[in-house]
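Please look over the sequence and the model shown here before reading on. The paragraphs below are meant as a guided reading for someone who has not met this structure before.

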Amino acid sequence: MQRLKIVHRTTYEFASEVSLAAHTLLLRPRECHELRIESSALSISPPASLRWHRDIEDNSVAIATFDGMTRRLTIDSEVVVRQYNQAPMDFLVADFAVDYPFVYPPDDEMLLRPYMRGAGQDFDVVPGDWLMGLLSPGETIQTFALLNRLNAAIHQRMRYLAREAPGVQTPAQTLALGCGSCRDLAALFLASARQLGFAARFVSGYLHVGDSQQLAGATHAWAEVYLPGAGWKGFDPTVGLVAGTDHIAVSVARVPDTVPPVAGAFVGPPGADLQVGVRVTALQPPD
């Protein structure tokens, strides 16, 4: 078990006083048998009324509403989690899905259809020559080995580039540029997996990177693929690994650009300066 503390601060400085519309906050990690929330605190200035709900993807969502005018909005989230996913490779794929290709059972396919090819419009369009390089003609390969090969190919061939601009590049844009942010590389993996016949979804969350500075101070993104017998398994092409004990999922989505941590609007003169700071640190186990 690993204890991790996540501090996430979002600050907007406006050009003059504005009226804040409702803001949607996706900041609370997804609890499951692999992750437990030990404590959670959310501080907002100016004060806001919060209404919590679970969305259609079972993400924990807070809606913040405000009164009055302000020139500054600060949202501070501090969460301590216990992460138990210390053996991410300890799973079994159902016999019929061990080798690629396979077909999802009809009942599963009906539920997984929104996460399969064609579900994400532009995000599902991948140039054919990219996928052709992953498999040799007539090659027999195990399903997990193919997904690992895809993960490694993106990690090795695409350059990671921190990008503050909002939005997600399409897979075609990422391949043409040869680089992208973590969310761009995750979108490329997701679209490629769907093109290969898998059900896949986008994941937004945090990554504990220890002393590394390359990925420090930001949210993180990766993708999950549904493997019969194993469930949703995470693949992180930015670091070239299967998602494990250092990954903390906050939200999942069918389409990559629909789950920003903070989303909202304001009424007033245009112009706002955004600053985001994230820190993920390991804590000592409890006594």
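The account that follows treats the nonpolar cores, then the strands and their pairing, and finally the empty spaces.

The model is predicted. A convenient place to begin is the largest nonpolar core, which has 48 residues. Within this core, the residues that touch the most other members are Y104, W130, I154, F189, F198 and V225. Several elements give two or more residues to the core: the strands β5 (60-65), β11 (200-207) and β12 (220-227), together with the helices α2 (128-132), α3 (143-157) and α5 (182-195). Of these, α5 gives the most, with eight residues.

F198 offers a detailed view of this packing. When its neighbours within four places in sequence are left aside, F198 is in contact with Y100, F102, Y104, Y115, M116, T143, L146, L147, A193 and V225. Two of these partners, Y104 and V225, are themselves listed among the residues that touch the most other core members. Separate from this core is a second one of 24 residues, and I44, A64, I75 and V280 are among its members.

The strands may be considered next. An open sheet is formed by four strands, which follow one another in the order β4-β5-β2-β16 with antiparallel pairing. The edges are held by β4 (49-54) and β16 (262-263); each has a single partner strand, so one side of each is left without a neighbour in the sheet. The pairing of β16 with β2 (residues 23-25) is antiparallel and consists of two bridges. In this pairing, L25 has V262 of β16 as its bridge partner.

Further pairings involve β12, β13 and β14. β12 and β13 (231-236) run antiparallel and are joined by five bridges, with L227 standing opposite G231 of β13. Three residues lie between the strands of this hairpin, where G229 takes a positive phi near 90°. β13 also pairs with β14 (residues 241-242), in the antiparallel sense and over two bridges. Here D236 has L241 of β14 as its bridge partner. The hairpin of β13 and β14 has four residues between the strands, and G240 takes a positive phi near 75°. β13 itself is mostly covered, for five of its six residues are buried.

The empty spaces remain to be described. Rolling a probe the size of a water molecule over the atoms shows where such space is left. The second largest pocket has a volume of about 520 Å³. It is lined by 25 residues, and those closest to its centre are C32, E34, E224, W232 and A249. At least two residues of this lining come from each of β11, β12, β13 and β15 (247-253). The greatest share is that of β15, which gives four residues. By class, the lining comprises 11 nonpolar, six polar and eight charged residues.

The structure also holds one cavity of 30 Å³ or more. How much space lies in the largest cavity? The value is about 50 Å³. Its lining is made up of L26, S204, G205, Y206, T219, V250, S251, V259, P260 and P261. β11 and β15 each supply at least two of these residues, and β11 gives the most, with three. Six residues of the cavity lining are nonpolar and four are polar, while no charged residue is present. The strands β11 and β15 thus serve in the lining of the second largest pocket and also in that of the largest cavity.

Definitions and conventions. Residues numbered from 1 in each chain as written. Predicted model: local features only at pLDDT ≥ 70, side-chain atom pairs only at ≥ 80, totals over all residues. Heavy atoms only, no water. Core = buried A, V, L, I, M, F, W, Y, C linked by side-chain atoms within 4.5 Å. Buried < 20%, exposed > 50% of the residue type's maximum accessible area, 1.4 Å probe, protein only. Contact = heavy atoms within 4.5 Å. 1 Å grid on protein atoms, 1.4 Å probe; cavity = no way out; pocket = protein on both sides within 12 Å on 5 of 7 lines; lining within 4 Å. Points joined across faces, edges and corners; volume = space filled by probe spheres on them. Nonpolar A, V, L, I, M, F, W, Y, C, P; charged D, E, K, R; others polar. Pairing = 2+ DSSP bridges.
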